Amino acid sequence: MMKIIIILILSIFLEGCNNLLINQDIIQYSPQNIEDNQHKIYNIPMLSESELNKLATNDGIINYKYARQYAYTEFISNIELFYPQYKEVVYNSIKSNLPPYITFTNRPAVVFNYDENPKFYEFGILCENNLIGTVVVSASPNEKETIIERVYTEPMEYNSNLFLYKRYLGKYPNVYYGYSSDNLFLNISTDSNDIKLIPISQKEWLIDEENILNYYPEEELDSINEELIRSSNITIYQHINNLIDSQAVANTWWVNINNPNTYFLGTDSITNQFYLSKPQREKILNEFENNDLTNTIFLEEYQNDKILNTIWSGACGPTIMSWLYRGKFNSYHGFYIPLKGDYHPKIKKIVSKYSTYNYYRDPAYKNNEVYPISMKLDSGLYYQWYKRTLWAFGEKALYELGMSRGLREATDEQYDIKSLIEKKSIKWMKEQKEPIIIVTSTKAGPHYIAAIGLGYTIKKNKKEKCYFYIFDNGYFTKNNNFTPCWIKSSAGILYYGWNKKH
């Protein structure tokens, strides 16, 4: 009876929630309030220990306790990339066998995949019990080296009004909400902080990652293939096969994951209270002491609060291309593009982070409505790439040649796009100091993010570990974390460098 009352109250409170699944069990959250060093309280939607343990009964899913241990080992081993100011004190605490100076929350928030299994675990990063960031961990990693998905050096915020819903992958860090993957909602926050849940038809956009080639128009595949061979000496089909192979590994690699000896934990007993086993401690110290070089690169044109706090929100390809353009150029078609805090002469108001370059004002907008909106807001900059997107399974996808042609036109032939493989993309960032577009594959479609920096560690054995510093755009919502974060380089995704033509 109580569940029905809760659902009825929520249906009245949340506009647009008339089709809730009242027959589904409500997920049982056990929220944890944590205070950061500015004395702000964060309410994290953690599942109970019993619920989390149930999720790991699938052999392909890593138990959250082990995920926490594994992720901590990698995170601390590379702490100087994420928090260089803590390197010395962390090293000394590990070496002196003291309790970790920096640790994770005991339980994570969970993002689900469409098979109802966890996709990501989100652990809060604690420094002496203050929340300072969030580590996103893969719940079914392809290989042990890729268990960390992202590292946010600011805490991820959660909207407690949506705690009754499970959080689904979406185009991460944007998530969908629902009680099951059959009925999902897109969360929308308005300027007045109201919450809207927009129903999503799964049949329109749910696809298989193996069909990623369907995102590209047939007549363009040959051109894409030729350009990829020329730049990377690999065909697009080989590239996609590599991605599929890495997914196949995920189905078998973690079969024996409930035996922690598969990954140097050194014990069969993992408790809720975090501790370091002797093998973990030795591995972390070895990583610290064998660093030959650690360096970080940040593209200067994107390292200021005004550009980092200005959001283009709409189809992810056009939004991220527009945002990258604005970091390099302050005007388009002779029109100065205001950043957050600037006065906008066409709409006669101060630019707000969440309202100005918003092309999801109406999620059901028609194609012909995008052009006048873009012309009014940014003089047609967003439309420069949007007009080159194609409908793919109910979503708009920007393909490679459309991205490059749009960039050539927008910059008067100063820039185009160059296809890169993982290692060449790392070299590109080091040498060219130009941004990189990273395209990841999700069941909600391809998702475009911008790499605006790079952190890398070279060991004495010349082995290199790299994380890209990324900025992720998306649709209009305050509930997602738009602040830059770190994502590990991977051979299973596509890279496109902004190529300055000489």
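A residue is termed buried when its relative accessible area is under 20% and exposed when that area is over 50%, with partly exposed residues in between. The structure described here is a predicted model, and this terminology is applied to it throughout.

Helix H14 illustrates the use of the term. Of the 11 residues of H14, 8 are buried, so the helix is largely enclosed by the rest of the structure. The buried positions in H14 are Glu400, Leu401, Gly402, Met403, Ser404, Gly406, Leu407 and Ala410. Ser404 belongs to this helix, which spans residues 400-410. Because its relative accessibility is 3%, Ser404 counts as buried. A polar atom of the Ser404 side chain lies 3.2 Å from the backbone nitrogen of Ile417. Just after H14, the backbone of Asp412 adopts a positive phi of about 55 degrees.

Charged side chains were examined next. Side chains of opposite charge can pair when their charged atoms come close. The model contains 15 salt bridges. One of them is formed by Arg150 and Asp472, whose closest N and O atoms are 3.0 Å apart. This pair links distant parts of the chain, the two residues being 322 residues apart. Arg150 is located in strand E7 (residues 148-152), whereas Asp472 occupies the loop between strand E24 (464-471) and strand E25 (485-488). Both ends of this salt bridge are removed from the surface by the criterion given above: Arg150 is buried at 3% relative accessibility, and Asp472 is likewise buried at 3%.

A further salt bridge joins the side chains of Lys306 and Asp342, with an N to O distance of 2.6 Å. Lys306 lies in helix H10 (residues 305-308) and Asp342 in the loop between strand E15 (335-336) and strand E16 (343-344), so the pair ties together parts that are 36 residues apart in sequence. Lys306 has a relative accessibility of 38% and therefore counts as partly exposed, while Asp342, with a relative accessible area of 13%, is buried.

The side chains of Lys328 and Glu434 also meet in a salt bridge, at 2.8 Å from N to O. Here too distant parts of the chain are linked, since Lys328 is in helix H11 (residues 316-328) and Glu434 is in the loop between helix H15 (422-432) and strand E22 (436-442), 106 residues apart. Lys328 counts as partly exposed at 23% relative accessibility, whereas Glu434 counts as buried at 8%. In addition, Lys283, Glu287, Lys459 and Lys465 are joined into one network by salt bridges that share partners.

Charged residues also contribute to the surface. Arg230, Lys418, Lys424 and Lys427 form a positive surface patch. Within this group, Arg230 is found in helix H7, which covers residues 218-232. Arg230 has a relative accessible area of 64% and is therefore exposed.

Other spatial relationships connect parts of the chain that are separated in sequence. Pro84 is positioned in the loop between helix H4 (79-82) and helix H5 (87-95), and its relative accessible area of 52% places Pro84 among exposed residues. The C-alpha atoms of Pro84 and Thr296 are 10.0 Å apart in space, although the two residues are 212 residues apart in sequence. Helix H4 itself contains Glu80, which is buried with a relative accessible area of 10%. The side chain of Glu80 makes a polar contact of 2.9 Å with the side chain of Asn291.

Leu276 provides another case. This residue lies in the loop between helix H8 (236-253) and helix H9 (278-289). Leu276 counts as buried, with 9% relative accessibility. Its C-alpha is 8.0 Å from that of Gln69, and the two residues are 207 residues apart in sequence.

Note on methods
Residues numbered from 1 in each chain as written. Predicted model: local features only at pLDDT ≥ 70, side-chain atom pairs only at ≥ 80, totals over all residues. Heavy atoms only, no water. Patch = residues over 30% accessible without salt bridge, like charges linked within 9 Å, V, L, I, M, F, W, Y side chains within 5 Å. Areas by Shrake-Rupley, 256 points an atom, 1.4 Å probe, with all protein chains shown as cover. Salt bridge = Lys/Arg side-chain N within 4 Å of Asp/Glu carboxyl O. Lys, Arg positive; Asp, Glu negative; His and termini not counted. Charge placed at Lys NZ, Arg CZ, Asp CG, Glu CD. Helix = DSSP H or I, 4+ residues; strand = E, 2+ residues; numbered from the N terminus. Buried < 20%, exposed > 50% of the residue type's maximum accessible area, 1.4 Å probe, protein only. Polar contact = N/O pair within 3.5 Å; in protein donor to acceptor, adjacent residues only side chain to side chain.
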